[in-house]
Amino acid sequence: MVPLQVLVADDEAVSRTVVGAMLKKAGYPVIYATDGEQAFRTLDSEAPPALALLDWEMPGLQGPEVVQRIRKKEVQTPTYVILLTSRDSSADIVQGLRAGADDYVTKPANEDELIARVSVGARVVELQAALAERVRSLEEALANVKALQTLLPMCAYCKSIRNDQNYWEKVETYFTQHSNVSFTHSYCPNCYERFVRPELEALEDARAAQEKLRRG
Amino acid sequence: MDNAPVLDEAVTSALRALTSPGEPDVLAEVLNLFLTEVPPRLARLRNAWAAGNIEEVHRAAHSLKGSAGNIGARRLHGVCAELDAKAKSGDLAGAAALVDAVGVEFGKVESAIRRLLAAG
């Protein structure tokens, strides 16, 4: 499993560097933001980091505001956000969690605690990603099942099937596209008698006629 | 408080141990950042105090407390925490002495850092 990327947002270089070094030592690729605006832009991008450690107090946008903003956008696997705070009153913590943060760590961060909480976050993100993938594949399977449950228009003579795009397809093509069925071609005993044997006999006759001609 | 170390060795060794193989020494990097970042903030603190801007005093003391805590500057952290609490509550008795103490304690931390960096 590829280690998940972590954003560290803190306007204080000392704290940012220490937290970043803790994460790097634990094997996480780290990216940085030096204020709330930059953190928001990174988290709001097309490929946001899986995890983020946001300092509570930053000039401009504060940690909780950053979370509140990114939570407005619906995404399949939301970034797991941990607030870094030197506040430890429960009212503050409740406010941070209500804003949409997943967890908080008090500053200065204790290395073991920080890494343990980040790995909980990584677990949650991975679980969520696995669930999202499962849902996606189930939805795809369901769509196929639905397609196969409908009434299929079939040509009474050549057995072609009319697909959703109003186009006539071979049975094999249609089922290969709409299910996990694949076909291997063979013949049944009846068709052997009816088609294969006469063809083989015709071939044999043709060869004999040619042989006769060659010998003169 | 007076018995607290200027620079807690447990914290500085922990910072040194954060260095990943092939990367620059985290302790030296963090201490250098501290030396560049803190003086302007100290100036901001003094100016805010002189101007009677208590909100700014609170902000500056709070951020200094954070940086001091990160490098294990226990005594500096202690005076910053006191000033932070006072500015937050608005009870400014003794705050002037604390503003001075922050400067004095920073001076001690600075010397300790320079010794440590020189020792390598």
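A salt bridge here is a side-chain nitrogen of Lys or Arg within 4 Å of a carboxyl oxygen of Asp or Glu. By that rule the structure holds 25 salt bridges over all chains.

This is a predicted model, where local features need pLDDT of at least 70 and side-chain atom pairs count only at pLDDT 80 or more, while totals for chains, interfaces and linings use all residues. Residues are numbered from 1 along each chain as its sequence is written, chains are lettered from A and ligands numbered from 1 in the order in which they are written, and side-chain values use heavy atoms, with hydrogens and water left out.

**Exercise 1. Describe the overall build of chain B.**

Step 1: start with the secondary structure. Helices (H or I, at least four residues) and strands (E, at least two) are DSSP runs, numbered from the N terminus. Chain B has five helices and zero strands, so reading from the N terminus you get α-α-α-α-α.

Step 2: check how the chain packs. The radius of gyration is taken over C-alpha atoms, and the globule rule is 2.2 Å times the number of residues to the power 0.38. For chain B the radius is 15 Å, close to the 14 Å the rule gives for 120 residues, so chain B is as compact as a globular protein of that length.

Step 3: add the box and the burial. Along the principal axes, the C-alpha atoms of chain B fill a box of roughly 50 × 25 × 20 Å. Buried means under 20% relative accessible area, exposed over 50%, and partly exposed in between (1.4 Å probe, protein chains only). Of the 120 residues of chain B, 43% count as buried.

Step 4: look at the contacts, meaning heavy atoms within 4.5 Å. Among contacts in chain B with a separation of 6 or more, 65% come from residues 24 or more positions apart.

**Exercise 2. Work out how chain A and chain B meet.**

Step 1: get the extent. The size of an interface is often given as the accessible area lost when the parts come together. Buried area is that loss (1.4 Å probe), summed over both parts. Between chain A and chain B it is about 1400 Å², with carbon and sulfur atoms giving 62%. In chain A, the residues that lose the most area to chain B are A:Glu12, A:Val14 and A:Val18, together 36% of what that side buries.

Step 2: count the players. Chain A brings 15 residues to the contact and chain B brings 19 residues.

Step 3: tally the polar links. A polar contact is a pair of N or O atoms within 3.5 Å; within protein, one must be able to donate a hydrogen and the other to accept it, and residues adjacent in sequence count only if both atoms are side-chain atoms. Three residue pairs between the chains are in polar contact (both at pLDDT 80 or more). On the chain A side, helix H1 (residues 13–25) gives the most, with nine residues. That side divides into six nonpolar, three polar and six charged residues; Ala, Val, Leu, Ile, Met, Phe, Trp, Tyr, Cys and Pro count as nonpolar, Asp, Glu, Lys and Arg as charged, and the others, Gly among them, as polar.

Step 4: find the salt bridges. The rule gives two across this interface. One of them joins B:Glu23 to A:Lys24, with the closest N and O atoms 3.6 Å apart. B:Glu23 is partly exposed at 40%, and A:Lys24 is partly exposed at 34%.

**Exercise 3. Trace salt bridges inside each chain.**

Step 1: take chain A. A:Lys107 pairs with A:Asp55, the closest N and O atoms being 3.1 Å apart. This pair links distant parts of the chain, 52 residues apart: A:Lys107 sits in the loop between strand S5 (103–106) and helix H5 (111–149), and A:Asp55 in strand S3 (residues 51–55). A:Asp55 counts as buried, at 4% relative accessibility.

Step 2: take chain B. B:Asp8 and B:Arg74 form a salt bridge with closest N and O atoms 2.8 Å apart. B:Asp8 lies in the segment before H1 and B:Arg74 in helix H4 (residues 74–89), so the pair ties together parts 66 residues apart in sequence. B:Asp8 is buried at 13%, whereas B:Arg74 is partly exposed at 36%.

Step 3: look for a network. B:Arg44, B:Glu55, B:Glu56 and B:Arg59 are linked in one.

**Exercise 4. Describe the surroundings of A:Asn163.**

Step 1: place A:Asn163 in the loop between strand S6 (161–162) and strand S7 (168–169) of chain A. A:Asn163 counts as buried, at 9% relative accessibility.

Step 2: leaving aside neighbours within four places in sequence, A:Asn163 is in contact with A:Glu169 and A:Tyr174. A polar contact of 3.4 Å joins the side chains of A:Asn163 and A:Glu169.

Notes:
Buried area = accessible area lost by both parts, 1.4 Å probe.
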